[in-house]
Amino acid sequence: KQRVLTGITTTGTPHLGNYVGAIRPAIAASQDENNQSFYFLADYHALIKCHDPEQVHQSTREIAATWLALGLNTDNVVFYRQSDIVEIPELTWLLTCQTAKGLMNRAHAYKAAVDANRDDGQDSDFGITMGLYSYPVLMAADILMFNANKVPVGKDQIQHIEMARDIAARFNHHYGEHFALPEAVVDDNVAVLQGLDGRKMSKSYGNTIPLFLTEKQLKKHINKIKTNLLEPGEPKDPDTSTVFQIWQAFATPEQTAEMRQAFADGIAWGESKKQLFELINGQIGEARERYNELLANPAQIEVELEKGAEKARAYSAPFLEKLREAVGIRKIR
Ligand code: TYM
């Protein structure tokens, strides 16, 4: 069986981009009998970018409720909270001691922070924590802890998976073949979903459409998607339109062909947005009800996560024992 593993950082409310890019394909992969799936809430990662305890907690609850509401079957999938796996921080340390500092110097997130400081005329390390700097080691520990073969992620995460491979190879070279070398799985058909302003939909840009808004709010958000001004009835270019791009992410190929034609025929923006609302609402309406029920009953979410932690630790605890033995951390005998 192929082990598939992926995580979402618990720093915000799940949006259409997370759904289309990560959650929907992950749930589909979990239904394939050839896969064994591990999906988790990356709450240690959240501390890198968010120092508001309430926000981390609230986001963890919302992301957990989202996976469950969308039909993740926790009998077939190991679904857990990263911080429940006490072996992960320890593995992070074992890996840290095999990670070249030069490798971390090349990480995109760290480099972007250094560049931003230079642009602002600040000292290059201003405001940069060791958490941000060693982020790829923590992520390698997430993946290697469960010997994942396949890691489905968006394009922004590919470098981290490559670093996890490097770290695993170095550890294996030194201590013997303990880790499978993980591979990123990037679905080229699922483009990075655009947000309200046409840039990548992202919490950090404040341009997201949250997945489980009320109908009224969902309509309102869709109406805010940026469009260019055209005369009524003028043909519209689907390939430069965010409305069309989001449509395509939810529609069948037939529906997409119909919308392409409607754009050529000059469909009004208001009408295209109304149809987009109906398409999305039709697909997530039932899950939204389950989501709200789950949020009203957080104890139910906790039960699922505790069940997941138990299943995950059945792998991580004995594996870490083996790794400790391999590096020489042993009982005196
Ligand atoms: P995060 O939380 O930033 O994003 C979670 C997943 O959502 C995808 N995504 C998108 N896909 C399409 N369109 C968008 N607009 C969009 N925005 C986000 C991301 O590519 C990602 O797959 N470090 C990771 C979390 C993590 C992890 C791991 C992942 C921690 N440990 C181990 C895999 C394996 C992160 O910050 O993702």
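In which helix is Asp 142 found? In this predicted model, Asp 142 is found in helix α8. The legends below begin with that residue and then turn to other parts of the structure.

**Figure 1. Asp 142 within helix α8.** The unreviewed UniProt entry places a "binding site" feature at Asp 142. Asp 142 counts as buried because 25 C-beta neighbours lie inside 10 Å, and the cut-off for a buried residue is 20 or more. Leaving aside residues up to four places away in sequence, Asp 142 touches Gly 7, Gln 82 and Ile 88. Helix α8 as a whole is mostly covered, with ten of its ten residues buried. Among them are Tyr 135, Pro 136, Val 137 and Leu 138, as well as Ile 143 and Leu 144.

**Figure 2. The shell of residues around the ligand.** The ligand is surrounded by 25 residues. Thr 9, Gly 17, Gly 21, Ala 22 and Gly 154 are the closest. Three elements, β1 (2-9), α1 (16-30) and α8 (135-144), each give two or more residues to this shell. By residue class, the shell around the ligand consists of twelve nonpolar, ten polar and three charged residues.

**Figure 3. The annotated motif at residues 10-18.** According to the unreviewed UniProt entry, residues 10-18 carry the feature "short sequence motif: 'HIGH' region". The C-alpha atoms at the two ends of this span lie 12 Å apart. Helix makes up 33% of residues 10-18, and strand makes up 0%.

**Figure 4. Asn 147 in the loop between α8 and β4.** Asn 147 is found after helix α8 in the loop that leads to β4 (150-152). Its phi is near 45°, a positive value in a residue other than glycine. Most residues other than glycine have a negative phi. Asn 147 counts as partly exposed because 17 C-beta neighbours lie inside 10 Å; a residue is buried at 20 or more and exposed at 12 or fewer.

**Figure 5. Domain 1 and domain 2 of the protein chain.** The domain assignment gives domain 1 as 2-99 + 134-192 + 298-327, and domain 2 as 212-293. The C-alpha centres of the two domains lie 32 Å apart. Seven residues of domain 1 are in contact with six residues of domain 2. On the side of domain 1 that touches domain 2, the elements that give two or more residues are α1 and α3 (53-69). Helix α3 gives the most to this side, with three residues. The residues of this side of domain 1 divide into six nonpolar, one polar and no charged.

**Figure 6. Glu 293 in helix α13.** Helix α13 spans residues 269-296, and Glu 293 is found in it. Glu 293 is partly exposed because 13 other C-beta atoms lie within 10 Å. Glu 293 and Phe 277 are 16 residues apart in sequence. In space, the C-alpha atoms of Glu 293 and Phe 277 are 22 Å apart.

**Figure 7. Confidence of the predicted model.** The protein chain averages a pLDDT of 95, and 99% of the residues score at least 70. For the complex, the predictor gives an ipTM of 0.98 and a pTM of 0.94. Where pLDDT is low, predicted coordinates should not be read in detail.

Methods
Residues are numbered from 1 along each chain as its sequence is written. This is a predicted model: local features need pLDDT of at least 70, side-chain atom pairs count only at pLDDT 80 or more; totals for chains, interfaces and linings use all residues. A residue is near a molecule or strand if its C-beta atom, placed from the backbone, lies within 6 Å of it. Helices (H or I, at least four residues) and strands (E, at least two) are DSSP runs, numbered from the N terminus. Ala, Val, Leu, Ile, Met, Phe, Trp, Tyr, Cys and Pro count as nonpolar, Asp, Glu, Lys and Arg as charged, and the others, Gly among them, as polar. UniProt positions are given in the numbering used here, feature names are shortened, and annotations may be inferred rather than shown by experiment. pLDDT is the predictor's confidence in each residue, from 0 to 100. Domain bounds come from an automatic or database domain assignment. Two residues are in contact if their C-beta atoms, placed from the backbone, lie within 7 Å.
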